[in-house]
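Hello,

Here is the structure I promised to pass on. Please open it first; my notes follow below.

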Amino acid sequence: MRIRVQAFAVNPTDTGVRAGQRDSSQASPPYVPGMDAAGVIDEVGPDVTGWDVGDEIKAIALPLSTHGGAYVQEFVAPVGSFTRIPRRTSVEAASTVPMNGLTALQILSRAALAPRQTLAVTGAARLLGNYVVQLARTANVTVIADAAPADEAVVRALGPDHIVPRGAGFADAVRSIPRGGVDALADASVQQAEVVDAVKDGGVFFSVRGCEGNGARDIRFDKIMVSEEYRSFDKLEQLRHAVEGGTVTPRVAEVLPASRAAEAHERLEAGGTRGRFVLSW
């Protein structure tokens, strides 16, 4: 399927490209970053049914795959890596959903928490943290989210059961709620060793940057790799329905023309952004 890209989101994993920190050795030049796109199908491949030219879709792209990343005007996407954009949602907002949404669903699927079990979320004010909190609440999991004072209203609107201060006292604050710590922790803000103590003995720590731990207290470290969800059509559909039903709320920080991509990266690297910068053609 060929997609004419109308909007693509700038993600933290893309910022290393501008800073020269992203390993592109597995890709043939030119290296094309970007994992989120939304646009219109402009060509349907042979033997593909159920999709038509003109359908509006959102898609996940993998920069190191054969098809490359989303920072292009057109790209080819295999069936399973895209779905229709949610009703009443702009292409700009839809472009922020795939990568972070699939990451959140992968975390929750692997956590397999029962109702009233506990999940702590770092970086709850950021988009990945947003989605983890919102989706966990639909499973009746007890959610403990962090927030800086300036972000408390934003985080509270997500519906966590408890909010604790972001920063050095996070682990102690979490352990004061369920004595001994939480069943699972989603480290969306990549604080790693600084927050491990929030997890109870035998619990699980979900890392989006490959943190491995040291085996202490039998805590299991699970590396989250959204690339494993490249053709997870059912999960993309789950996200579509979640947005349509108001369970998940996309958040756009600002829409910029693609010609200002460097500015978007610089501003994202500077920190403090809530939501995603979206680039449009």
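**The open sheet**

In this predicted model, six strands make up an open sheet with parallel pairing, in the order 8-7-6-9-10-11. The edges are strand 8 (162-165) and strand 11 (220-223). Each has a single partner strand, so one side of each is left without a neighbour in the sheet. On average, neighbouring strands here are turned by 20° against each other, direction ignored.

One pairing at the edge is worth a look. Strand 10 (residues 199-207) runs parallel to strand 11, and four bridges pair them. Which residue of strand 11 is the bridge partner of F206? The partner is D222.

A helix also packs on this sheet: helix 4 (residues 127-138). Helix 4 touches strand 6 (118-122), strand 7 (142-147) and strand 9 (182-187). The direction of helix 4 makes about 165° with that of strand 6.

**Salt bridges**

The structure has 21 salt bridges. I picked out a few.

Start with R2, in strand 1 (residues 2-9). R2 forms a salt bridge with D42, and their closest N and O atoms are 2.9 Å apart. D42 sits in strand 2 (residues 36-43), so this pair links distant parts of the chain, 40 residues apart. R2 also meets E43 in a salt bridge, at 3.4 Å from N to O. E43 lies in strand 2 and R2 in strand 1, so this pair ties together parts 41 residues apart in sequence.

Buried or exposed: how does D42 count? D42 has 18% relative accessibility, so it counts as buried; the cut-off for buried is under 20%. R2 is partly exposed, with a relative accessible area of 29%. E43 is partly exposed too, at 41% relative accessibility.

Next, go back to helix 4. R137 in helix 4 forms a salt bridge with D161. Their closest N and O atoms are 3.4 Å apart. D161 lies in the loop between helix 5 (152-156) and strand 8, so the pair ties together parts that are 24 residues apart in sequence. D161 counts as partly exposed at 37% relative accessibility, and R137 counts as partly exposed at 28%.

Finally, there is a network. Salt bridges with shared partners join R87, E237, R240 and E244.

Best wishes

Notes. Residues are numbered from 1 along each chain as its sequence is written. This is a predicted model: local features need pLDDT of at least 70, side-chain atom pairs count only at pLDDT 80 or more; totals for chains, interfaces and linings use all residues. Side-chain values use heavy atoms; hydrogens and water are left out. Two strands pair if DSSP finds at least two bridges between them. Helices (H or I, at least four residues) and strands (E, at least two) are DSSP runs, numbered from the N terminus. Axes are lines fitted to C-alpha atoms, for helices over the stretch in contact, and angles run from 0 to 180 degrees between N-to-C directions. Contact means heavy atoms within 4.5 Å. A salt bridge is a side-chain nitrogen of Lys or Arg within 4 Å of a carboxyl oxygen of Asp or Glu. Buried means under 20% relative accessible area, exposed over 50%, partly exposed in between (1.4 Å probe, protein chains only).
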